[in-house]
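Reader: Could you take me through one part of this model up close? I'm after the charged pairs, with the cut-offs spelled out.

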Amino acid sequence: MTARHILDELHSVADEAKATHLQRFFKTGAGQYGEGDTFLGIVVPVTRRIAMSNHRTPLNELDLLIKSKYHEARLCALLILTERCRKTSGSERDELYRFYLAHTDHINNWDLVDLSCPTVVGAHLVDREREVLYRMAEKQHLWEQRIAIVSTHAFIRQNDFGDTFALSKKLITHPHDLIHKAVGWMLRETGKRDRESLTAFLEIYATRLPRTALRYAIEHYPEAERQYFLKKK
């Protein structure tokens with residue numbers, strides 16, 4: 001399928017009222033993190049259905065789609081990449097991973113990051129060297145920094161927590177709430193699998209974690225333990 005065909009499908013299910021709501025929800029106003037983004041007004045399950053029906057779209061067409069001004073078109077391209085990554089391995093998987101990293105300027109909102117990077121980046125790196133995540137975390141690029149920490153969700157699913165803790169420490173002074181939430185989310189996911197390891201991390205770093213990150217991290221702790229860590233702030 002071509003990018004034009006997919007865009008036509010997306011336009012056919014667009015909803016102007018929903019688009020207005022989504023542009024507010026994803027903070028597209030002047031000075032906000034999603035400044036200037038344009039929405040068609042399509043819910044994720046519908047975009048996902050279109051992506052699944054076009055999952056063999058070649059990369060040269062996905063290149064056009066991921067560069068679209070429409071948020072849902074970029075999301076559709078990323079969902080196609082994600083589906084392809086689940087179904088392939090070897091050189092094709094490498095190519096999809098490289099394509100993703102070459103287009104991070106267009107992966108420019110938190111939903112685009114969160115729905116794609118654990119599979120396209122994280123799962124690819126499970127058995128590989130992970131220095132790329134640390135380079136991304138050091139960039140002054142909000143979305144690459146979020147990709148870096150959220151990609152570790154794939155490692156957490158393998159009970160491998162070292163990079164989640166290391167990247168959380170690297171991002172601990174980050175000024176943006178979207179990174180605080182991402183760090184807290186990944187720490188929480190770690191704690192679901194290994195509460196003892198998360199507690200040991202928090203005993204050292206709870207006082208330095210942004211409050212939002214800490215609240216996310218301890219969400220599933222018993223109330224007494226939650227209050228213990230909150231009072232450290």
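Author: **Salt bridges, up close**

Helix α13 (residues 177-193) holds both D177 and K181, 4 residues apart, or about one turn of the helix; helices here are DSSP runs of H or I with at least four residues, numbered from the N terminus. Bear in mind that this is a predicted model, where local features need pLDDT of at least 70, side-chain atom pairs count only at pLDDT 80 or more, and totals for chains, interfaces and linings use all residues. Residues are numbered from 1 along each chain as its sequence is written, and side-chain values use heavy atoms, with hydrogens and water left out.

Back to our pair: the side chains of D177 and K181 meet in a salt bridge at 3.1 Å, N to O. That term means a side-chain nitrogen of Lys or Arg within 4 Å of a carboxyl oxygen of Asp or Glu. D177 is partly exposed at 31% relative accessibility, and K181 is partly exposed too, at 30%. Partly exposed sits between buried (under 20% relative accessible area) and exposed (over 50%), using a 1.4 Å probe and protein chains only.

Next up, R188 and E189 form a salt bridge at 3.7 Å, N to O, and both residues are buried. Salt bridges with shared partners link R188, E189, K192 and E219 into one network.

Elsewhere, R128 pairs with D94 in a salt bridge at 3.5 Å, N to O. R128 sits in the loop between α8 (117-125) and α9 (131-138) while D94 is in helix α6 (residues 90-102), so this pair ties together parts 34 residues apart in sequence. Searching the whole structure turns up 19 salt bridges.

Note on methods. Helices (H or I, at least four residues) and strands (E, at least two) are DSSP runs, numbered from the N terminus.
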